[in-house]
Amino acid sequence: WRSAQYCPQELEERRLGEEFNVVQKSRCELNRLRGERVFSASAVAPGTHVVAAPAGAVEVELRLRPGTAQRSGIRVRSDGAGEYTEIGYDAAARAVYLDRGRAGRAGFHPQFAARHSAPVALSGAELPLRLLIDQGSVTVFAGQGEAVLTDQIFPAPGANGITVFSEGGQALAADLNIWSMKPVWRPGANR
């Protein structure tokens, strides 16, 4: 739990290959919070600074094609000076990961700047990812929901950059889409 589970989720049993697994997916009601599309591309090469995302919450969807890369993925809440939260696929570990080692303030506890991972299988040489990002947390839905990671982050104000990366080989981010998300609170409503 780690104080960051802000996204309502559903659990269901789904057949993945020869096995039945419990998978998680975000509730369909969350789709109503999808705002303006701020970026869309059919293919984005690593090293590309995609967009300075809106300051509020954003949703990111992509199909990561790790190719020959040892590690590949996307860096979010980047300030352009070395601060970012990294979401990626580690080919050797066959796992999706969320690394907050450079995600901003972390000096309050020696174990906070950590990397969390979960095993996940590629589907047709790619990994579908859905990311829900706000100012203080990142939730990653990988594959068909068989791996879900959530972490708190404390980025600097203005850290809104998004970049695709790969290390140790070539990778590609296909069908990358980024949307702003509408707030859940209505103006003037009691909180």
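Is D175 buried, partly exposed or exposed? In this predicted model, D175 is partly exposed, with a relative accessible area of 32%; the term buried applies under 20% relative accessible area, exposed over 50%, and partly exposed in between (1.4 Å probe, protein chains only). The model is predicted, and local features therefore need pLDDT of at least 70, side-chain atom pairs count only at pLDDT 80 or more, and totals for chains, interfaces and linings use all residues. Residues are numbered from 1 along each chain as its sequence is written, and side-chain values use heavy atoms, with hydrogens and water left out.

Salt bridges were searched for across the whole structure, and 13 were found; the term denotes a side-chain nitrogen of Lys or Arg within 4 Å of a carboxyl oxygen of Asp or Glu. One of them joins the side chains of R63 and D175, with a distance of 2.2 Å from N to O. R63 belongs to strand β5 (residues 58–65) and D175 to strand β14 (residues 172–181), so this contact ties together parts that are 112 residues apart in sequence. Strands (E, at least two residues) and helices (H or I, at least four) are DSSP runs, numbered from the N terminus. Like its partner, R63 is partly exposed, its relative accessible area being 24%.

Strand β5 also holds R65, which forms a salt bridge with E126, the closest N and O atoms lying 3.0 Å apart. E126 is found in the loop between β9 (115–119) and β10 (127–133), so the pair ties together parts that are 61 residues apart in sequence. R65 counts as partly exposed at 33% relative accessibility, whereas E126 is buried at 15%. A further salt bridge is formed by the side chains of R71 and E167, at 2.5 Å from N to O. R71 is located in strand β6 (residues 71–78) and E167 in strand β13 (residues 161–167), so parts that are 96 residues apart in sequence are tied together. E167 is partly exposed, with a relative accessible area of 30%. In addition, a network of salt bridges links R34, E59, E61 and R130.

Aromatic contacts were examined next. The whole structure contains three aromatic pairs; rings of Phe, Tyr and Trp (its six-membered ring) pair if their centres lie within 6.5 Å, and planes under 30 degrees apart count as stacked, over 60 as edge-to-face and the rest as tilted. Among them is the tilted pair of F108 and F112, with 4.8 Å from centre to centre and 50° between the planes. F108 is exposed at 53% relative accessibility, while F112 is buried at 8%. F112 also pairs with F154 in a tilted arrangement, at 5.6 Å between centres and 35° between planes. This second contact links distant parts of the chain, since F112 lies in the loop between β8 (95–102) and β9 and F154 in the loop between β12 (147–152) and β13, 42 residues apart. F154 counts as partly exposed at 26% relative accessibility. Together, F108, F112 and F154 form one aromatic cluster.

Charges over rings complete the account. The charged end of R100 sits over the ring of F112, 3.7 Å from its centre; this term requires NZ of Lys or CZ of Arg within 6 Å of the ring centre and within 35 degrees of the ring normal. R75 likewise lies over the face of F165, at 4.2 Å from the ring centre.
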